[in-house]
Each structure stands twice: as C-alpha cells, then as structure tokens.
Amino acid sequence: MSLDLKNLADKLRRYRQQFDASLPQVAESTGIPVESMAALERGELCPSGDQILILADYYKCDFKFFISNDRLAPFEQTENLFRRFGSDLSVPDRWSIQEFLFLCENESFLAEELGRVPRNAFDFTKRGKFYKRHADEAAKALRAFLGYKPHEIPSDIFHDFRRIGIHIFRRHLENSNISGIFIKHPTAGKCVLVNHSEDVYRQRFTATHEVGHSILDDKEDFVVSFKKWNREDLVEIRANAFAGHFLVPAAALAKIDSTSLTPDSIVDFADRLQVNTDTLVYALKREGILTEVAAHSFMGLRIPKGSKSDPELPPTLSARGRQTKNDLLRRGISTHYAQLCFDAYRQGVISLGRLAEMMLATEKELWEIGKLFGWSHEHES
C-alpha cells in the first residue's frame, strides 16, 4: 500500500498547529531540514522510514498513525481538546497531555505483551435520569466489584483503578486550576490524568472523580475538570458525588454521633479516611449527620501536610530515592508503569533504547532510575 502523502501532510500540519510550533522549531528538534519539513507538510515529499520514526517520537505517537488511515492515536481528541480549552492550556501543558497519552499507549501495549491485561472489566449501566443516584449506584457497584466491604476504606485507589483497566497517571500541569482530565483513547481505552500539583489527598479525590467520568460519561471523547467549576454542571456534580460515595461510603459514617464532632475529630477522621476535610464534611451532610449550618462551621479545616501519605512514596525510601520517585511522578512515571517497562526489557519485549523512550529518560538516566525498581545492569554482561 502506497503512502498517502496528502493525508500525511494534513496530519503533520495539524499536529504542529496543536502545539503552536513553527516549522523551524520542529526542524531544530527533529534534525529534519526545514525545507524537507515544509515539503512534507505540502505533500510534495515522501518521507524516509527514519523520518517517520523521528516524527512519531517527536509527537509522542505510534508511527503507524502517520502511514495508516486507522485511528491509532487520540489525534482528534487532543485537537478538539486544545481548541476548546486553548486559553487554559499552555504549550507545556499540551505537551504534558501528549506525553501522558503516550504513556497510556505504552502501558496498554506492554500489558498486552506481558499478559497483564485485566481479565474482568467493570461494567455499569445508568438507570433513570437522576444524576446523584447514578453516582451512588455506580460507586456501590464498583466497590463491590473490587471486593470492598460496605464500611471499608480504599487504601490504594490508583491500584484499584488499574485493576479495572483504566490507565491512570499523575502528571504535573502548569495550570493548577485543572484538577484532572479523562480521555477516551481510540486504542488504549479509558485514560485518566491527575494533576500532580495538587496535594496527595486531593489527587485521590480527583482520580476517583475522573474515574467517575470514565464510567458515567464514557460516551464523551474527553472531560476536563477544574477546581473552579460551574456549580450547576450536573456532569461535574455527578462525578463529585461518585468520588464522595466511593471514598467515604455511608456505612463508614453510620456510627458517628454529630454531637461528638469537633474540629480536631473532623481533621483526625478525614486523615484516617485519606481525604481532605471538606470531602468528609460533605459526606456527613449527605448522610444527614450534619446540618447545613453545622457543616459550614467545619468547612476549610486543614490536615497537617506532613501526615498525608502517598502509596508511591513509602517511608522506607531514602531521601534521594523519595526525591527521584517524586520527580518521576511529576513526569507521569508511576511505579506500576515503570515495573511494566523494566519487566518488558528483561523479557526481551523491548530494546534498551525503547525502554529509555518509554521512561521519558536518557539511557544514562536509566541507571539511577533502575535502582529504585530493582533493575540490575544485566545487559552489561
């Protein structure tokens, strides 16, 4: 099958425009002469195989996207996303989203190659038109699917959501008003980005909120969630309610006596639930334990930052190891993802160069990163 140069030209031009990049900028980053890039975008030049691979690496997408008419990359999703929220997304944030989707593609590929695709998919069908009931029923169904008892509090929700096949990554975004994004990838499936600039308890809530979108709004190509949102937006209200019911189930609050609640006890209980205090207060009001007036009096309490634990950053890590892992999380590299990558390399599924690409690192950086995941330098022998 011959390469459709007109189709390729259109993809290259539109991809470049998504990131507000000039032809000289792309040429400088890829090493492809600017005259060649211009000819490629006019459909007047047939690229070499190396040039296709270089451009795919630059735009963080599957090279087959450029030579096929199939939807192998979330091209339309990102184009529409950047057009709709252009004023909210800086160029660095656009690249962060593109790299996040690249990680999702890699994770999907590696899970398939290593035989680690979740066998049992979670399925939920909305009934009726009452949005808050959708949220309550979906949260209960997912908790039951994951094997939680009615009163049990989820410990590692990132692990839980990967168990149902959702690609979930934490990645730093410059725009701190964006809490998270759900994108339906054409091949990888449901993908969730959580803004790593938030505190870890807020990240847990945002992750659950976005998973709510992935379950209840799965007909959408993408949903962007903001800290400051329209309080009449039923879709956001439903996702918030889903997160509240999943993280703070009614059964966990059943024995609470409202008369015994104090600011200190609210802070302590929220910390044990691994949610911020406002999430707990909303749940107490939801269950009729607190009145509107009483709930308002408890809003805005703060949990000491030092007491919040992150499952990706256990206390057993050294100070240097903690800093390295935190830096990796800012780039989107989770422990789950890194272990998939290193396991794939050990089993010969990917090369060392491909391992570095998937880890968004140089081969030199892999030595330090590998130590955190028990990677020996066996390829040296």
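In this predicted model, strand β4 is a good place to begin, because five of its five residues are buried, so the strand is largely enclosed by the rest of the structure. The side chains of β4 can be followed in two sets, since F222, V224 and F226 point one way from the strand while V223 and S225 point the other way, and all of them are buried. To count as buried, a residue must have under 20% relative accessible area.

The neighbour of β4 to look at next is strand β2, which spans residues 178–185. Five bridges join β2 to β4, which covers residues 222–226, and the two strands run antiparallel. Two positions help in finding this pairing on the model: G180 has S225 of β4 as its bridge partner, and I181 stands opposite V224, also in β4. Is β2 enclosed or open to the outside? Seven of the eight residues of β2 are buried, so this strand, too, is largely enclosed by the rest of the structure.

Strand β2 also pairs with strand β3, made of residues 189–195, and here the pairing is again antiparallel, over six bridges. The link between β2 and β3 is a hairpin, which joins them through three residues. One of the bridges can be located at H185, whose partner in β3 is G189.

A helix residue can now be added to this picture of the strands. H213 is found in helix α10, which runs over residues 200–216, and because its relative accessibility is 0%, H213 counts as buried. What does H213 touch, if residues up to four places away in sequence are not counted? Its contacts are F182, D218, V223, S225, V235, E236 and A239. Of these contacts, V223 and S225 are also the residues that point to one side of β4.

From the strands we can turn to the nonpolar interior. In soluble globular proteins, nonpolar side chains tend to be buried together. The largest nonpolar core in this model has 65 residues, and those with the most contacts inside it are Y59, F66 and M359. Helix α7, residues 91–113, gives the largest share of this core, namely eight residues. Apart from this core lies another, of 48 residues, which includes F161, F269, L273 and V281. To see the surroundings of one core residue, take F66: leaving aside its neighbours within four places in sequence, F66 is in contact with L3, L8, K11, L12, Y15, I52, L55, A56, Y59 and C61.

Nonpolar residues can also be found at the surface. L53, F63 and I67 make a nonpolar surface patch of about 250 Å². Within this patch, L53 belongs to helix α4, which covers residues 49–58, and L53 is described as partly exposed because its relative accessible area is 46%.

Charged side chains form the last part of this walk, and the count of salt bridges comes to 23. In one of them the side chains of R127 and E137 meet, with a distance of 2.9 Å from N to O. Because R127 lies in the loop between α7 and α8 and E137 lies in helix α8, this pair ties together parts that are 10 residues apart in sequence. R127 itself is exposed, with a relative accessible area of 53%.

Another salt bridge brings together the side chains of E198 and R202, at 3.5 Å from N to O. How do its two partners stand with respect to the surface? E198 counts as buried, because its relative accessibility is 5%, whereas R202 is partly exposed, with a relative accessible area of 27%.

A further salt bridge is made by the side chains of E368 and R320, again at 3.5 Å from N to O. E368 is in helix α19, residues 363–372, and R320 is in helix α16, residues 319–330, so the pair ties together parts that are 48 residues apart in sequence. E368 is partly exposed, with a relative accessible area of 30%, while R320 counts as exposed at 59% relative accessibility. Finally, D10, R13, R14 and E79 are joined into one network by salt bridges that share partners.

Definitions and conventions:
Residues numbered from 1 in each chain as written. Predicted model: local features only at pLDDT ≥ 70, side-chain atom pairs only at ≥ 80, totals over all residues. Heavy atoms only, no water. Patch = residues over 30% accessible without salt bridge, like charges linked within 9 Å, V, L, I, M, F, W, Y side chains within 5 Å. Areas by Shrake-Rupley, 256 points an atom, 1.4 Å probe, with all protein chains shown as cover. Salt bridge = Lys/Arg side-chain N within 4 Å of Asp/Glu carboxyl O. Helix = DSSP H or I, 4+ residues; strand = E, 2+ residues; numbered from the N terminus. Buried < 20%, exposed > 50% of the residue type's maximum accessible area, 1.4 Å probe, protein only. Pairing = 2+ DSSP bridges. Core = buried A, V, L, I, M, F, W, Y, C linked by side-chain atoms within 4.5 Å. Contact = heavy atoms within 4.5 Å.
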